[in-house]
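Trainee: Could you take me through one part of this model slowly, with what surrounds it? I would like one connected account rather than a list.

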Amino acid sequence: MDNLAKRPRLLVADDHSAMLGEIVHRLEAEFEIAGTVGNGLDLVEAAARLDADVVVLDITMPGLDGIAAARCLQHSGCRAKLVFLTAHEDPDYVRAGVDAGGAAYVTKARLASDLIPAIQAALAGQRFVSPSMFPGDKL
């Protein structure tokens with residue numbers, strides 16, 4: 001049980017329940033899932049309550065989109081690292097996510113290969129962007 005207590009705590013936000021289930025399934029062996037939510041408003045509330053180490057969040061969500069939710073989290077003093085996981089494969093979204101405090105940006109097409117390394121990088125204080133976003137180049 002000691003090992004479970006030492007695993008990083010994650011809060012996961014996505015408005016599609018099947019995707020939320022897939023994300024949790026891929027992460028639960030390595031991380032503690034502190035909670036899941038389906039929209040940006042619930043994300044802001046849950047982040048204040050759950051004290052997660054990392055928030056994995058979608059961009060397109062009802063109530064409050066992920067970029068706006070990330071800004072709210074940053075302004076509230078949330079200490080969690082923010083990892084965007086989204087279908088948006090546009091560099092403008094990457095920049096908006098980084099500007100909103102995101103430590104990592106993963107496209108859903110690269111969920112299997114990039115999400116865990118992105119979370120690990122964020123926890124280590126490093127930036128991670130799915131390589132397909134800026135091939136051969138850095139943000």
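Mentor: Happy to; here is a close look at strand 5 and its surroundings.

A word on the ground rules comes before the details. This is a predicted model, in which local features need pLDDT of at least 70 and side-chain atom pairs count only at pLDDT 80 or more, while totals for chains, interfaces and linings use all residues. Residues are numbered from 1 along each chain as its sequence is written, and side-chain values use heavy atoms, with hydrogens and water left out.

Let's begin with the setting. The model has an open sheet of 6 strands in the order 2-1-3-4-5-6, with parallel pairing. Strands here are DSSP runs of E with at least two residues, helices are runs of H or I with at least four, and both are numbered from the N terminus. Two strands count as paired if DSSP finds at least two bridges between them. The edges of the sheet are strand 2 (32–37) and strand 6, each of which pairs on one side only.

Strand 5 itself covers residues 102–107, and 6 of its 6 residues are buried, so the strand is largely enclosed by the rest of the structure. Buried means under 20% relative accessible area, exposed means over 50%, and partly exposed is in between, using a 1.4 Å probe and protein chains only.

Now look at its two partners. On one side, strand 4 (residues 81–86) runs parallel to strand 5 and is joined to it by 5 bridges. Within that pairing, F84 stands opposite Y105, and T86 stands opposite T107. Between these two strands the chain passes through helix 5 (residues 91–99), giving a right-handed β-α-β crossover. Right-handed means that, with the strands pointing away from the viewer, the path from the first strand over the helix to the second runs clockwise.

Helix 5 deserves a short stop at both ends. At its start, a side-chain oxygen of D90 reaches to within 2.7 Å of the backbone nitrogen of D92. After the helix comes G101, with a positive phi near 105 degrees.

The other partner is strand 6 (residues 128–129), which runs parallel to strand 5 and is joined to it by 2 bridges. Here Y105 has V129 as its bridge partner. This time the chain crosses through helix 6 (residues 111–123), and the β-α-β crossover from strand 5 to strand 6 is left-handed.

Y105 has now come up on both sides, so let's stay with that residue. At 1% relative accessibility, Y105 counts as buried. Setting aside neighbours within four places in sequence, Y105 is in contact (heavy atoms within 4.5 Å) with I59, F84, T86, H88, D90, Y93, V94, F128, V129, S130 and M133. That list includes F84 and T86, along with D90, whose side chain we met at the start of helix 5.

The contact with F84 brings us to the rings. The model has 1 aromatic pair, under a rule that takes rings of Phe, Tyr and Trp (its six-membered ring) with centres within 6.5 Å, calling planes under 30 degrees apart stacked, over 60 edge-to-face and the rest tilted. In this pair, the ring centres of F84 and Y105 are 6.4 Å apart and their planes are at 40 degrees, so the pair is tilted. F84 lies in strand 4 and Y105 in strand 5, so the pair ties together parts that are 21 residues apart in sequence. Both F84 and Y105 are buried.

One more residue helps to fill in the neighbourhood. D58 sits in the loop between strand 3 (54–57) and helix 4 (66–75), and D58 is buried, at 3% relative accessible area. Not counting residues up to four places away in sequence, D58 touches A13, D14, D15, G66, L85, T86 and K108. T86 thus appears among the contacts of D58 as well as those of Y105. With K108, D58 also makes a side-chain to side-chain polar contact at 3.3 Å. A polar contact is a pair of N or O atoms within 3.5 Å; within protein, one must be able to donate a hydrogen and the other to accept it, and residues adjacent in sequence count only if both atoms are side-chain atoms.
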